[in-house]
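These notes are meant for a colleague who is opening this structure for the first time. Please read them with the sequence and the model side by side.

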Amino acid sequence: EFERIIAESGSVPKWLSSLEKSNNYNGVIRRVKSRFKHVGDTSVPLWLYSVGEDIDISELVESRFRK
């Protein structure tokens, strides 16, 4: 899927920058989940954060460690 994104947009960062990032990245998370079959509500925000996107993962991290 990364190869397809690169063919379509030139690079993964360019593809990410073209996505609407309002509402704490909810639309971006849905878009990434729709393109990649084996990712979900936890892995997508963590991946976005790890590649340098300005996404707030504090609720996600807190919920994981509260258990």
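1. Where does Leu-19 lie? Leu-19 is found in the loop between H2 and H3, in what should be read throughout as a predicted model. Its relative accessible area is 13%, and because buried means under 20%, Leu-19 counts as buried. Leaving aside residues up to four places away in sequence, Leu-19 touches Val-28 and Arg-31. As for Asp-41, it is 22 residues from Leu-19 in sequence, and the two C-alpha atoms are 18 Å apart in space.

2. For the overall picture, the protein chain has 5 helices and 0 strands, and its elements, taken from the N terminus on, run α-α-α-α-α. The C-alpha atoms of the chain fill a box of roughly 40 × 25 × 15 Å along the principal axes. Of the 67 residues in the chain, 28% are buried. When contacts between residues at least 6 apart in sequence are considered, 36% of them join residues at least 24 apart.

3. Helix H3, which spans residues 26-35, deserves a careful look, since this is where Val-28, Ile-29, Val-32 and Arg-35 are buried. Viewed down the axis of H3, these buried residues fall within an arc of 135°, so they line one face of the helix. An α-helix has 3.6 residues a turn, so residues three or four places apart point the same way. The face of H3 turned away from the buried side carries Arg-30 and Ser-34, which are exposed. The cover over the buried residues of H3 includes H1, H2 and helix H4 (43-50).

4. Is Arg-35 buried or exposed? This residue of helix H3 has a relative accessibility of 13% and therefore counts as buried. The side chain of Arg-35 makes a polar contact with the side chain of Glu-8, at 3.0 Å. Glu-8 is also one of the residues that Arg-35 touches, and the others are Glu-1, Arg-4, Ile-5 and Trp-15, again not counting residues up to four places away in sequence.

5. Ser-18, a residue of helix H2, is exposed, with a relative accessible area of 54%. Its side chain nevertheless has a partner in the backbone, reaching the oxygen of Trp-15 at 2.6 Å. The C-alpha atoms of Ser-18 and Val-28 are separated by 9.9 Å, the two residues being 10 apart along the chain.

6. Which backbone atom does the side chain of Ser-11 reach? Ser-11 lies in the loop between helix H1 (2-9) and helix H2 (12-18), and its side chain reaches the backbone nitrogen of Lys-14 at 3.1 Å. Ser-11 also touches Ile-5 and Ile-6, with residues up to four places away in sequence not counted.

7. Finally, on surface and charge, the protein chain exposes about 4900 Å², of which carbon and sulfur atoms supply 50%. The chain has 11 positive and 10 negative side chains, and the centres of these two sets lie 6 Å apart.

How values were computed: Residues numbered from 1 in each chain as written. Predicted model: local features only at pLDDT ≥ 70, side-chain atom pairs only at ≥ 80, totals over all residues. Heavy atoms only, no water. Helix = DSSP H or I, 4+ residues; strand = E, 2+ residues; numbered from the N terminus. Polar contact = N/O pair within 3.5 Å; in protein donor to acceptor, adjacent residues only side chain to side chain. Contact = heavy atoms within 4.5 Å. Buried < 20%, exposed > 50% of the residue type's maximum accessible area, 1.4 Å probe, protein only. Arc of directions from axis to C-beta. Areas by Shrake-Rupley, 256 points an atom, 1.4 Å probe, with all protein chains shown as cover. Lys, Arg positive; Asp, Glu negative; His and termini not counted. Charge placed at Lys NZ, Arg CZ, Asp CG, Glu CD.
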